[in-house]
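Hi everyone, thanks for coming. I'd like to walk you through a structure that may be new to you, so please have a look at it first.

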Amino acid sequence: MVARLTNEDEIGKMRNAGALAASVLEMIGEHVEVGVTTDKLNEVCHRFIVNELDCIPAPLNYSNGPGPAFPKSICTSVNHVVCHGIPSDRKTLKSGDCLNIDVTVIKDGFHGDTSKMFCVGKPSVLAQRLIRVTQECLYKGIEVVRAGARLGDIGHAIQQHAEANRFSVVREFCGHGIGRQFHDEPQVLHYGRANTGITLEEGMTFTIEPMINAGKRFVKILPDQWTVVTKDHKLSAQWEHTLLVTATGAEVLTRRSEESFA
Ligand code: MF3
Ligand code: CO
Ligand code: CO
(Lines give C-alpha, C1' and ligand atoms only; values in the text may rest on other atoms or scores of the structure.)
(Ligands and ions follow the chains in the order given, each with its own letter.)
Protein backbone atom coordinates (compact mmCIF):
# COMPACT_ATOMS: atom_id res chain seq x y z
CA MET A 1 0.00 0.00 0.00
CA VAL A 2 1.16 3.47 -0.88
CA ALA A 3 1.91 5.57 2.22
CA ARG A 4 -0.99 8.01 2.50
CA LEU A 5 -2.08 9.97 5.55
CA THR A 6 -5.65 11.09 5.91
CA ASN A 7 -5.98 12.53 9.39
CA GLU A 8 -4.38 15.60 10.91
CA ASP A 9 -3.04 13.69 13.88
CA GLU A 10 -0.92 11.45 11.65
CA ILE A 11 0.17 14.37 9.49
CA GLY A 12 1.21 16.26 12.62
CA LYS A 13 3.32 13.31 13.72
CA MET A 14 5.01 13.12 10.30
CA ARG A 15 5.71 16.86 10.46
CA ASN A 16 7.30 16.40 13.83
CA ALA A 17 9.42 13.40 12.79
CA GLY A 18 10.58 15.32 9.71
CA ALA A 19 11.55 18.40 11.70
CA LEU A 20 13.48 16.30 14.21
CA ALA A 21 15.40 14.48 11.45
CA ALA A 22 16.29 17.86 9.91
CA SER A 23 17.54 19.09 13.28
CA VAL A 24 20.11 16.27 13.37
CA LEU A 25 21.63 17.48 10.08
CA GLU A 26 21.67 21.04 11.45
CA MET A 27 23.41 19.86 14.60
CA ILE A 28 26.11 17.67 12.99
CA GLY A 29 27.59 20.25 10.59
CA GLU A 30 30.06 21.73 13.04
CA HIS A 31 31.41 18.25 13.85
CA VAL A 32 32.38 17.53 10.24
CA GLU A 33 36.07 18.49 10.18
CA VAL A 34 39.51 17.19 9.28
CA GLY A 35 40.56 14.26 11.46
CA VAL A 36 37.12 13.19 12.66
CA THR A 37 36.09 9.59 12.01
CA THR A 38 32.73 8.70 10.53
CA ASP A 39 32.15 6.58 13.62
CA LYS A 40 32.51 9.69 15.79
CA LEU A 41 29.86 11.42 13.66
CA ASN A 42 27.64 8.37 14.19
CA GLU A 43 28.19 8.52 17.93
CA VAL A 44 27.36 12.24 18.14
CA CYS A 45 24.20 11.76 16.05
CA HIS A 46 23.15 8.65 17.98
CA ARG A 47 23.41 10.42 21.34
CA PHE A 48 21.55 13.48 20.04
CA ILE A 49 18.75 11.39 18.48
CA VAL A 50 18.27 9.21 21.57
CA ASN A 51 18.99 11.60 24.44
CA GLU A 52 17.99 15.05 23.15
CA LEU A 53 15.23 14.17 20.67
CA ASP A 54 13.91 11.05 22.40
CA CYS A 55 13.71 9.34 19.01
CA ILE A 56 14.76 5.97 17.62
CA PRO A 57 17.51 5.96 14.94
CA ALA A 58 15.80 3.88 12.26
CA PRO A 59 18.95 2.53 10.54
CA LEU A 60 20.31 0.86 13.68
CA ASN A 61 19.74 -2.90 13.30
CA TYR A 62 17.57 -2.23 10.25
CA SER A 63 17.39 -5.11 7.85
CA ASN A 64 15.74 -5.21 4.50
CA GLY A 65 16.16 -8.74 3.22
CA PRO A 66 18.47 -11.66 3.88
CA GLY A 67 21.74 -9.78 4.48
CA PRO A 68 23.16 -8.51 7.77
CA ALA A 69 21.35 -5.78 9.71
CA PHE A 70 22.76 -2.24 9.41
CA PRO A 71 25.05 -1.82 12.43
CA LYS A 72 24.99 1.98 12.95
CA SER A 73 22.53 4.84 13.51
CA ILE A 74 23.29 6.97 10.42
CA CYS A 75 24.77 6.37 6.97
CA THR A 76 28.02 8.16 6.09
CA SER A 77 28.91 7.93 2.40
CA VAL A 78 32.29 9.48 1.56
CA ASN A 79 33.42 10.53 -1.96
CA HIS A 80 32.83 7.58 -4.34
CA VAL A 81 30.46 5.88 -1.87
CA VAL A 82 26.98 6.30 -3.36
CA CYS A 83 24.88 5.45 -0.30
CA HIS A 84 24.58 3.24 2.79
CA GLY A 85 28.18 3.85 3.91
CA ILE A 86 28.75 2.33 7.36
CA PRO A 87 30.36 4.66 9.91
CA SER A 88 33.78 3.31 10.88
CA ASP A 89 36.52 4.19 13.34
CA ARG A 90 38.97 3.48 10.51
CA LYS A 91 37.50 6.16 8.22
CA THR A 92 39.08 9.51 9.11
CA LEU A 93 38.02 12.57 7.12
CA LYS A 94 40.75 14.51 5.31
CA SER A 95 40.75 17.89 3.61
CA GLY A 96 38.82 17.79 0.32
CA ASP A 97 36.56 14.87 1.34
CA CYS A 98 32.84 15.22 0.67
CA LEU A 99 30.27 13.03 2.34
CA ASN A 100 26.57 12.43 2.58
CA ILE A 101 25.09 12.05 6.05
CA ASP A 102 21.72 10.30 5.96
CA VAL A 103 19.52 10.46 9.06
CA THR A 104 16.24 8.65 9.70
CA VAL A 105 14.45 9.04 13.02
CA ILE A 106 11.28 7.45 14.35
CA LYS A 107 9.07 9.58 16.62
CA ASP A 108 5.63 8.44 17.84
CA GLY A 109 5.78 5.64 15.28
CA PHE A 110 6.46 7.88 12.26
CA HIS A 111 9.65 8.24 10.19
CA GLY A 112 11.53 11.35 9.04
CA ASP A 113 14.29 10.62 6.48
CA THR A 114 16.72 13.21 5.11
CA SER A 115 20.31 13.61 3.97
CA LYS A 116 22.70 16.30 2.87
CA MET A 117 26.24 16.68 1.58
CA PHE A 118 29.06 18.07 3.72
CA CYS A 119 32.62 18.90 2.68
CA VAL A 120 35.81 19.07 4.68
CA GLY A 121 38.16 21.89 3.72
CA LYS A 122 37.90 22.96 0.10
CA PRO A 123 36.29 20.49 -2.32
CA SER A 124 37.43 20.21 -5.95
CA VAL A 125 35.62 22.26 -8.59
CA LEU A 126 34.10 19.01 -9.88
CA ALA A 127 32.86 18.00 -6.41
CA GLN A 128 31.32 21.43 -5.87
CA ARG A 129 29.50 21.25 -9.20
CA LEU A 130 28.30 17.66 -8.62
CA ILE A 131 26.99 18.53 -5.18
CA ARG A 132 25.22 21.67 -6.42
CA VAL A 133 23.66 19.95 -9.43
CA THR A 134 22.50 17.02 -7.26
CA GLN A 135 20.77 19.41 -4.85
CA GLU A 136 19.18 21.14 -7.86
CA CYS A 137 17.98 17.70 -9.02
CA LEU A 138 16.26 17.18 -5.65
CA TYR A 139 14.68 20.64 -5.83
CA LYS A 140 13.52 20.12 -9.43
CA GLY A 141 11.94 16.84 -8.36
CA ILE A 142 10.19 18.56 -5.46
CA GLU A 143 8.93 21.34 -7.77
CA VAL A 144 6.82 19.01 -9.88
CA VAL A 145 5.11 17.39 -6.87
CA ARG A 146 1.43 18.22 -6.39
CA ALA A 147 -1.83 16.28 -6.32
CA GLY A 148 -2.55 15.25 -9.90
CA ALA A 149 1.08 15.07 -11.05
CA ARG A 150 2.45 11.63 -11.97
CA LEU A 151 5.34 9.81 -10.32
CA GLY A 152 7.28 9.70 -13.60
CA ASP A 153 7.28 13.52 -13.71
CA ILE A 154 9.68 13.49 -10.75
CA GLY A 155 12.17 11.07 -12.29
CA HIS A 156 11.99 12.87 -15.61
CA ALA A 157 12.82 16.26 -14.07
CA ILE A 158 15.77 14.80 -12.17
CA GLN A 159 17.23 12.81 -15.06
CA GLN A 160 16.94 15.78 -17.43
CA HIS A 161 18.89 18.07 -15.15
CA ALA A 162 21.57 15.52 -14.22
CA GLU A 163 22.24 14.48 -17.81
CA ALA A 164 22.14 18.07 -19.12
CA ASN A 165 25.09 18.57 -16.80
CA ARG A 166 26.84 15.42 -18.10
CA PHE A 167 26.29 13.51 -14.88
CA SER A 168 24.52 10.15 -14.53
CA VAL A 169 21.63 8.91 -12.39
CA VAL A 170 22.01 5.81 -10.18
CA ARG A 171 19.12 3.45 -10.99
CA GLU A 172 19.45 0.66 -8.42
CA PHE A 173 18.21 2.77 -5.49
CA CYS A 174 15.25 5.09 -5.30
CA GLY A 175 13.07 7.23 -3.09
CA HIS A 176 10.23 5.54 -1.22
CA GLY A 177 6.91 5.93 0.48
CA ILE A 178 7.42 6.60 4.18
CA GLY A 179 5.24 6.94 7.25
CA ARG A 180 4.76 4.25 9.87
CA GLN A 181 7.04 2.18 7.64
CA PHE A 182 10.61 3.20 6.74
CA HIS A 183 10.47 1.92 3.16
CA ASP A 184 6.95 1.73 1.78
CA GLU A 185 5.43 1.95 -1.68
CA PRO A 186 5.70 3.70 -4.04
CA GLN A 187 9.24 3.41 -5.38
CA VAL A 188 10.23 6.91 -6.44
CA LEU A 189 12.62 6.50 -9.37
CA HIS A 190 15.09 9.29 -10.11
CA TYR A 191 14.86 8.72 -13.86
CA GLY A 192 11.98 8.08 -16.24
CA ARG A 193 9.34 9.61 -18.43
CA ALA A 194 6.87 12.39 -17.71
CA ASN A 195 3.18 11.44 -17.66
CA THR A 196 3.87 7.87 -16.53
CA GLY A 197 3.39 6.08 -13.23
CA ILE A 198 0.85 6.54 -10.47
CA THR A 199 -0.97 9.82 -9.99
CA LEU A 200 0.01 11.66 -6.81
CA GLU A 201 -2.72 12.28 -4.27
CA GLU A 202 -3.01 14.68 -1.39
CA GLY A 203 -1.68 13.13 1.82
CA MET A 204 0.91 10.84 0.22
CA THR A 205 4.27 10.91 1.97
CA PHE A 206 7.47 9.83 0.25
CA THR A 207 11.12 10.70 -0.13
CA ILE A 208 13.05 11.99 -3.12
CA GLU A 209 16.77 11.18 -2.78
CA PRO A 210 18.68 11.36 -6.06
CA MET A 211 22.12 9.73 -6.23
CA ILE A 212 24.06 11.39 -9.05
CA ASN A 213 27.46 10.23 -10.32
CA ALA A 214 30.25 12.28 -11.86
CA GLY A 215 31.15 9.32 -14.10
CA LYS A 216 29.04 6.39 -15.25
CA ARG A 217 25.85 5.36 -13.45
CA PHE A 218 27.00 1.85 -12.52
CA VAL A 219 27.46 0.79 -8.91
CA LYS A 220 28.59 -2.23 -6.93
CA ILE A 221 28.01 -3.37 -3.37
CA LEU A 222 31.01 -4.08 -1.15
CA PRO A 223 31.39 -7.41 0.72
CA ASP A 224 29.90 -5.80 3.87
CA GLN A 225 26.63 -6.09 1.87
CA TRP A 226 25.68 -2.45 2.56
CA THR A 227 28.23 0.00 1.16
CA VAL A 228 27.34 1.03 -2.39
CA VAL A 229 30.19 2.49 -4.47
CA THR A 230 30.56 3.72 -8.05
CA LYS A 231 32.05 1.04 -10.30
CA ASP A 232 34.44 3.57 -11.84
CA HIS A 233 35.33 4.99 -8.39
CA LYS A 234 34.34 8.49 -9.51
CA LEU A 235 32.47 10.82 -7.16
CA SER A 236 28.82 10.46 -6.23
CA ALA A 237 26.49 12.85 -4.40
CA GLN A 238 23.05 12.57 -2.79
CA TRP A 239 20.47 14.82 -1.12
CA GLU A 240 17.18 13.65 0.40
CA HIS A 241 13.94 15.11 1.71
CA THR A 242 10.70 13.62 3.04
CA LEU A 243 7.63 15.22 1.44
CA LEU A 244 3.89 15.48 1.95
CA VAL A 245 1.81 15.89 -1.22
CA THR A 246 -0.66 18.78 -1.01
CA ALA A 247 -3.32 20.02 -3.42
CA THR A 248 -1.00 22.68 -4.80
CA GLY A 249 2.50 21.33 -4.23
CA ALA A 250 4.72 19.60 -1.71
CA GLU A 251 5.30 20.32 1.94
CA VAL A 252 8.97 19.59 2.67
CA LEU A 253 8.71 17.87 6.04
CA THR A 254 12.50 17.74 6.55
CA ARG A 255 13.21 21.35 5.57
CA ARG A 256 16.22 22.89 7.30
CA SER A 257 16.26 26.55 8.35
CA GLU A 258 18.85 27.34 5.62
CA GLU A 259 16.29 26.30 2.99
CA SER A 260 13.29 28.21 1.70
CA PHE A 261 10.74 26.67 -0.61
CA ALA A 262 8.23 28.64 -2.65
N1 MF3 B 1 18.12 6.38 4.93
C2 MF3 B 1 18.26 5.51 3.79
C3 MF3 B 1 17.19 5.93 2.83
O4 MF3 B 1 17.15 7.06 2.49
C5 MF3 B 1 18.14 4.08 4.14
C6 MF3 B 1 19.22 3.60 4.98
S7 MF3 B 1 18.92 1.97 5.34
C8 MF3 B 1 20.24 1.63 6.32
O9 MF3 B 1 16.30 5.21 2.44
F10 MF3 B 1 19.97 0.52 6.89
F11 MF3 B 1 21.31 1.60 5.57
F12 MF3 B 1 20.38 2.57 7.19
CO1 CO C 1 15.11 7.41 2.16
CO1 CO D 1 17.72 8.41 3.96
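Let me begin with a term: buried means under 20% relative accessible area, exposed means over 50%, and partly exposed is in between, using a 1.4 Å probe and protein chains only. Before we use it, please keep in mind that this is a predicted model, where local features need pLDDT of at least 70, side-chain atom pairs count only at pLDDT 80 or more, and totals for chains, interfaces and linings use all residues. Residues are numbered from 1 along each chain as its sequence is written, chains are lettered from A and ligands numbered from 1 in the order in which they are written, and side-chain values use heavy atoms, with hydrogens and water left out.

Let's start at the metal. Which residues are the protein donors of the cobalt ion (ligand 2)? They are Asp113 (OD), His176 (NE2), Glu209 (OE) and Glu240 (OE), at 2.0 to 2.2 Å from the ion. A donor here is an N, O or S atom within 2.8 Å of the metal (3.2 Å for Na, K and Ca), and water is not among the atoms, so sites may look incomplete. Along the chain, the donors of this ion have the spacing D-x62-H-x32-E-x30-E.

Aspartate 113 also bridges to a second ion: the cobalt ion (ligand 2) and the cobalt ion (ligand 3) lie 3.3 Å apart. Now look at two of the other donors. Histidine 176 sits in strand β7 (residues 175–177) and glutamate 209 in the loop between β9 (205–208) and β10 (211–213), so this pair ties together parts that are 33 residues apart in sequence. Strands (E, at least two residues) and helices (H or I, at least four) are DSSP runs, numbered from the N terminus. Are these two donors buried or exposed? Histidine 176 is buried, at 6% relative accessible area, and glutamate 209 is buried too, at 8%.

Next, the salt bridges. By that I mean a side-chain nitrogen of Lys or Arg within 4 Å of a carboxyl oxygen of Asp or Glu. How many does a search of the whole structure find? The total is 12.

Follow arginine 15 for a moment. Its side chain meets that of glutamate 251 in a salt bridge at 2.6 Å, N to O. Glutamate 251 belongs to strand β15 (residues 250–252) and arginine 15 to helix α1 (residues 8–28), so parts 236 residues apart in sequence are tied together. Arginine 15 forms a salt bridge with glutamate 8 as well, with 3.8 Å between the closest N and O atoms. As for accessibility, glutamate 8 is exposed at 56%, while arginine 15 is partly exposed at 32%.

Another salt bridge joins glutamate 43 and arginine 47, at 3.2 Å. Both are in helix α2 (residues 38–52), and because they are 4 residues apart, about one helical turn separates them.

My last stop is asparagine 100, in strand β4 (residues 98–107). This residue is buried, with a relative accessible area of 2%. Leaving aside neighbours within four places in sequence, asparagine 100 has contacts (heavy atoms within 4.5 Å) that include Cys75, Ser115 and Trp239.

Thanks for listening!
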